[in-house]
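Trainee: Could you take me through one part of this model slowly, namely the second largest pocket and what lies around it? I would like to see which residues line it and how they connect to their surroundings.

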Amino acid sequence: KCGVAGPTRASICSRVGSGMRTSLLGSFSWMRRPEVADLMLLATVTLWALNFTVTKYVISHGFQPIAYGGLRFGGAAVLFSGAAYARERSLSLARRDLWILAGAALVGIFLNQLAFGYAIKLTTATTVALLFGTLPVLTGIFASLLGIERIGSRFWLAAVLAFGGAA
């Protein structure tokens, strides 16, 4: 129900779900409905955005960066181990994969969280979020320098826009 007496011709609520094909912004009859993947991407971006402000709040109210990172990733390890076990019915790894896993954990989790936690502690959440927004560009540049990727002109245009927005 829209309003106290229900929708009228003049109210916006009378147009919601009415099959309206035009608006002040133009036609939207071609617009597709969001799919599960779209909603999952929206949730991911929302959680990623909250990550900076929540971490800044927690660290500025008594947590040390390493302790907070340990709690976050300890909880995530328990959660995802449970999900992996429920799906695979095993948590076994090949012996040769243990060194790769340990190296990835050291760099991808420990050093990342150490840098992230102290960056949040020593500057604003906004500054860290802006710098994090340039990480895909930096990854592309490093991949190009290491010979992993070839970068075209569209990438460089996007890189200039990304760094311009961060500046």
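Mentor: In this predicted model, the residues that line the second largest pocket are T44, L47, W48, L50, N51, V54, Y68 and R72. Two elements each give two or more residues to that lining, namely α1, which spans 36–60, and α2, which spans 65–88. Of the elements, α1 gives the most, with six residues. If you sort the lining by class, you find five nonpolar residues, two polar ones and one charged one, and the volume of the pocket comes to about 230 Å³.

Let us now follow one lining residue outward, and N51 is a useful choice. N51 sits in helix α1, and because its relative accessibility is 17%, below the 20% limit, N51 counts as buried. Leaving aside residues up to four places away in sequence, N51 touches R72 and F116. R72 is itself listed in the pocket lining, so with this contact you can step from the lining to F116.

F116 deserves a careful look of its own. With a relative accessible area of 3%, F116 is buried, because that value is under 20%. When residues up to four places away in sequence are again not counted, F116 touches N51, F52, T55, R72, V128 and F132. F116 also belongs to the largest nonpolar core, whose seven residues are F52, I59, F116, I120, A125, V128 and F132. At least two residues of this core come from each of α1, α3 (95–122) and α4 (125–133), and α4 supplies the largest share, three residues. As background, nonpolar side chains in soluble globular proteins tend to be buried together.

The aromatic rings add another layer to this picture. A pair of such rings is described by the distance of the centres and the angle of the planes. The model has six aromatic pairs by the rule used here, and one of them joins F116 and F132, with 5.4 Å from centre to centre and 65° between the planes. This pair counts as edge-to-face because the angle is over 60 degrees. The pair links distant parts of the chain, with F116 in helix α3 and F132 in helix α4, 16 residues apart. Together with W48 and F52, these two residues form one aromatic cluster, and W48 brings you back to where we started, as one of the residues lining the second largest pocket.

Definitions and conventions: Residues are numbered from 1 along each chain as its sequence is written. This is a predicted model: local features need pLDDT of at least 70, side-chain atom pairs count only at pLDDT 80 or more; totals for chains, interfaces and linings use all residues. Side-chain values use heavy atoms; hydrogens and water are left out. On a 1 Å grid over the protein atoms alone, a cavity is a set of points where a 1.4 Å probe fits but cannot get out, and a pocket is an open set with protein on both sides within 12 Å along at least five of seven lines; lining residues have an atom within 4 Å of a point. Grid points are joined across faces, edges and corners, and a volume is the space filled by probe spheres set on the points. Helices (H or I, at least four residues) and strands (E, at least two) are DSSP runs, numbered from the N terminus. Ala, Val, Leu, Ile, Met, Phe, Trp, Tyr, Cys and Pro count as nonpolar, Asp, Glu, Lys and Arg as charged, and the others, Gly among them, as polar. A nonpolar core is a set of buried Ala, Val, Leu, Ile, Met, Phe, Trp, Tyr and Cys residues joined through side-chain atoms within 4.5 Å. Buried means under 20% relative accessible area, exposed over 50%, partly exposed in between (1.4 Å probe, protein chains only). Contact means heavy atoms within 4.5 Å. Rings of Phe, Tyr and Trp (its six-membered ring) pair if their centres lie within 6.5 Å; planes under 30 degrees apart count as stacked, over 60 as edge-to-face and the rest as tilted.
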